[in-house]
Amino acid sequence: SAASADALDSGEAVVETFTNMDDEHAALKVINATGLFTSESLDRAEFFVRLAAKPAADVFIPMTSSNEAEGVVTPALLTFTPFTWNLPQIVVVEGVDDDISDGEVRYTVDFGAAVSTDALSAGFETPPIAMVNHDNDVASVRVAPTSLRTYEDPAINMGLPEVFTIVL
């Protein structure tokens with residue numbers, strides 16, 4: 001017969017303690033949100049978001065633009081449920097035309113703190129997404145009419161002034 005010093009072979013009970021470390025935490029995963037831009041020609045940007053972990057209750061996350069004169073975010077409120085938490089939702093950012101030659105204007109898509117009755121999912125924050133709105137306006141001066149005739153003798157103009165308009 002073979003002899004063994006191993007506790008398992010000797011018939012002794014072996015007790016081991018294991019701890020399952022939960023590495024999932026409440027967060028918003030943002031997908032495909034780098035190098036995004038909009039334009040005053042109404043170009044739009046799109047990216048996707050989903051939760052990083054399953055919540056025990058619905059989670060609501062408000063979104064806004066830091067400058068709605070340059071870009072508008074839809075939807076204004078993201079809603080995730082325990083059944084839809086892992087399904088990507090689309091976020092659309094549309095450029096706004098402002099008729100001002102203001103160059104490329106930087107702004108952000110801002111996320112409010114998560115709201116939920118699930119204490120583990122409530123209150124987490126998401127960093128803003130950087131955006132730029134490309135301008136389509138060109139600074140110019142328009143003068144109308146383009147030529148005028150004036151005379152030193154007011155009698156020739158019948159006493160009336162010549163008028164022109166300048167538009168920037």
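Is Val163 buried or exposed? Let's find out in the first of these close-up views, keeping in mind that the model is a predicted one.

**View 1. Val163 sits in a loop between two strands.**
This loop runs between β11 (142-144) and β12 (165-167). With a relative accessibility of 60%, Val163 counts as exposed, because the cut-off for that word is over 50%. Look also for Pro145: its C-alpha atom and that of Val163 are separated by 8.4 Å, and the two residues are 18 residues apart along the chain.

**View 2. Ser116 is a buried residue in strand β9.**
Strand β9 covers residues 115-116. Here the relative accessibility is 15%, and since buried means under 20%, Ser116 counts as buried. Follow the side chain of Ser116 to two backbone atoms. One is the oxygen of Asp58, reached at 2.7 Å. Another is the nitrogen of Asp118, reached at 3.0 Å. Setting aside neighbours within four places in sequence, Ser116 is in contact with Ala57, Asp58, Val59, Ser121 and Ala122.

**View 3. The largest nonpolar core brings together 23 residues.**
In soluble globular proteins, nonpolar side chains tend to be buried together. In this model, Leu28, Phe47 and Ile61 have the most contacts inside the largest core. Six names are worth tracing here: β3 (44-51), β4 (59-65), β6 (77-80), β7 (89-95), β8 (105-111) and β10 (129-134) are the elements that give two or more residues to this core. The top contributor is β3, which gives 4 residues.

**View 4. Leu28 touches residues from many places along the chain.** Leaving out residues up to four places away in sequence, the partners of Leu28 are Val49, Arg50, Leu51, Ile61, Leu78, Phe80, Phe111, Phe124 and Thr126. Among them, Ile61 joins Leu28 in the group with the most contacts inside the largest nonpolar core.

**View 5. An open sheet is built from 4 strands.**
Trace the strands in the order β1-β3-β7-β5, where the pairing is antiparallel. At the edges stand β1 (28-31) and β5 (71-74). Each has a single partner strand, so one side of each is left without a neighbour in the sheet. On average, and ignoring direction, neighbouring strands of this sheet are turned by 25 degrees against each other.

**View 6. The strands β1 and β3 run antiparallel.**
Strands of a sheet pair through backbone hydrogen bonds, either parallel or antiparallel. Between β1 and β3 there are 4 bridges. For a landmark, find Lys29, which stands opposite Arg50 in β3. Arg50 also appeared in View 4, as one of the residues that Leu28 touches.

Terms used:
Residues are numbered from 1 along each chain as its sequence is written. This is a predicted model: local features need pLDDT of at least 70, side-chain atom pairs count only at pLDDT 80 or more; totals for chains, interfaces and linings use all residues. Side-chain values use heavy atoms; hydrogens and water are left out. A nonpolar core is a set of buried Ala, Val, Leu, Ile, Met, Phe, Trp, Tyr and Cys residues joined through side-chain atoms within 4.5 Å. Buried means under 20% relative accessible area, exposed over 50%, partly exposed in between (1.4 Å probe, protein chains only). Contact means heavy atoms within 4.5 Å. A polar contact is a pair of N or O atoms within 3.5 Å; within protein, one must be able to donate a hydrogen and the other to accept it, and residues adjacent in sequence count only if both atoms are side-chain atoms. Two strands pair if DSSP finds at least two bridges between them. Axes are lines fitted to C-alpha atoms, for helices over the stretch in contact, and angles run from 0 to 180 degrees between N-to-C directions.
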